[in-house]
Amino acid sequence: MKRTLFIILAVVAVFLVIGFSFVSMSRQRGQFLSTSGANVGYGGGAPDRAAQAPAAEAPVPASDGARNAVDSYSTTGQVAQERLVIENADLTIVIKDPKARMKEISDLAREMGGFVVSSKLYQNTSSTGKEVPQGSIVIRVPSEKLDEALSKIKQGAIDVPSENRSGQDVTSQYVDLQAQLKAKEAAEKKLLEIMDQAVKAEDVLAVYIQVQTVQTEIEQLKGQIKYLEESASLSAISVQLIAEESTQPIVVGPWKPEGAAKEAIQDLIYFFQNFVDFLIRFVLLTLPALILIAIPLFLIYLAGRAVYRRVRRSRVAVDEVKSEDVKK
């Protein structure tokens, strides 16, 4: 009984501690929302002009290579966001030596300030039944040099069976991520101020957890923004390399009946030789082996049959004796 009462009291105490912690966190969050609503514009309140002035004067940082993602400011102080477009291309070329051309494309990417994403060289069977090399390579080059890179890749090619070029406008996504980043950074700053003013340990812990969450979201937003900037500044080019031999048409040679007849006679001679060899091996090897295996099996069969007949006769004799006794 005392043990049960002790457990109940312990559970009640744990729930009371959790309840007090949630009350403290709710009060701290209410204080944060009211303060940020008055200074930053949260909750529908009017934003502080002094806090907005630096944000209106300082441009949003962007990477040097993103030529389509530069923020320009007009005389009225409004931001004009240029289009952020991710351009990619893929093409198939026919050349004499895929291995050598793959090396040239790799060197071209490095010369233009890009890099090789992946490359693969393999063997394929041509229409003539011959093994010919083929390859594929994916490179990234600065977007402003995309046309030049495509021109140099196609230079010297025997044929270009396919060429595709695509563009994806991610301006709205980029602007939305920047806006989210600004809001998260403002919230982080306000949370740090509240944490500096907090006195109780549970209040500091509650605000610290929120700060950690906001900082994690800020890093994720920065990563997404960086990915969009790099994708726009570096265009991907996927090249499929096909050897000239694999595109050659099938050549049908002249019909030679005498050659076909000669091959047929030769095959008939080979068949006769193999058939005779089979008969010899069957008579001298296979048949004696089967006989040697069959003799013991036949003897076992005879012995088993004799035992079975003996047992059956004894049973019949016993049954006859029993029937005579019953008649008497």
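**Notebook: contacts, sheet and rings**

I began with G114, which touches A109, R140, V141 and P142, not counting residues up to four places away in sequence. I note at once that the model is a predicted one. I then looked up where G114 sits, and found it in the loop between helix 3 and strand 4. Is G114 buried or exposed? G114 has a relative accessibility of 15%, and the cut-off for buried is under 20%, so G114 counts as buried. I also checked G114 against L234: the two are 120 residues apart in sequence, yet 7.4 Å apart in space, C-alpha to C-alpha. L234 came up again on the next check, since P142 stands opposite L234 in strand 7. P142 is thus a contact of G114 and also the residue facing L234.

**Entry: the whole chain**

I stepped back to the chain, which has seven helices and seven strands. Along the sequence I read the pattern α-α-β-β-β-α-β-β-α-β-α-α-β-α. The chain has 328 residues, and buried residues make up 23% of them. I also looked at contacts between residues at least 6 apart in sequence: 71% of these join residues at least 24 apart.

**Entry: the sheet**

In what order do the strands of the open sheet lie? I wrote down 4-5-7-3-6, five strands with mixed pairing. Strand 4 (115–125) and strand 6 (159–169) are the edge strands, and each pairs on one side only. From one strand to the next, the twist averages 10 degrees.

I then went through pairs of strands. Strand 4 and strand 5 run antiparallel and are joined by 10 bridges. As an example I picked S118, whose bridge partner in strand 5 is V138. Strand 5 and strand 7 are also antiparallel, with nine bridges between them. Strand 7 and strand 3 pair in the parallel sense, over eight bridges. There I picked V94, whose bridge partner in strand 7 is I242.

Strand 7 is in the middle of the order I wrote down, and I wanted to know how covered it is. How many of the 10 residues of strand 7 are buried? Eight are, and strand 7 is mostly covered.

**Entry: the nonpolar cores**

The largest nonpolar core has 19 residues. Which residues have the most contacts inside this core? I listed I139, I153, I237 and V239. Several elements each supply at least two residues of this core: strand 3 (85–95), helix 3 (98–111), strand 5 (131–142), helix 4 (146–154) and strand 7 (234–243). A second, separate core has 17 residues, including L177, V207, V211 and A232.

I followed two residues of the largest core. I139, leaving aside its neighbours within four places in sequence, is in contact with I105, A109, F115, V116, V117, I153, S235, A236 and I237. A109 was already in my notes as a contact of G114.

I153 is found in helix 4. Its relative accessible area is 1%, so I153 is buried. Not counting residues up to four places away in sequence, I153 touches L91, I93, R101, I105, L108, I139, I237 and V239. I105 and I237 are among the contacts of I139 and among those of I153. I also looked up the spacing of I153 and L91: they are 62 residues apart in sequence and 9.5 Å apart in space, C-alpha to C-alpha.

**Entry: rings**

Two aromatic rings are described by the distance of their centres and the angle of their planes. With centres required to lie within 6.5 Å, the count comes to three aromatic pairs. One of the pairs I looked up is F298 with Y301, whose ring centres are 6.4 Å apart and whose planes are at 35 degrees, so the pair is tilted. How far apart along the helix are F298 and Y301? They are three residues apart in helix 7 (residues 257–327), and so about one helical turn separates them. I checked cover for both: F298 is partly exposed, with a relative accessible area of 49%, and Y301 is partly exposed too, at 46%.

The last ring I looked up was that of Y122. K120 lies over the face of Y122, at 5.4 Å from the ring centre.

Definitions and conventions. Residues are numbered from 1 along each chain as its sequence is written. This is a predicted model: local features need pLDDT of at least 70, side-chain atom pairs count only at pLDDT 80 or more; totals for chains, interfaces and linings use all residues. Side-chain values use heavy atoms; hydrogens and water are left out. Rings of Phe, Tyr and Trp (its six-membered ring) pair if their centres lie within 6.5 Å; planes under 30 degrees apart count as stacked, over 60 as edge-to-face and the rest as tilted. Helices (H or I, at least four residues) and strands (E, at least two) are DSSP runs, numbered from the N terminus. Buried means under 20% relative accessible area, exposed over 50%, partly exposed in between (1.4 Å probe, protein chains only). A charge sits over a ring if NZ of Lys or CZ of Arg is within 6 Å of the ring centre and within 35 degrees of the ring normal. A nonpolar core is a set of buried Ala, Val, Leu, Ile, Met, Phe, Trp, Tyr and Cys residues joined through side-chain atoms within 4.5 Å. Contact means heavy atoms within 4.5 Å. Two strands pair if DSSP finds at least two bridges between them. Axes are lines fitted to C-alpha atoms, for helices over the stretch in contact, and angles run from 0 to 180 degrees between N-to-C directions.
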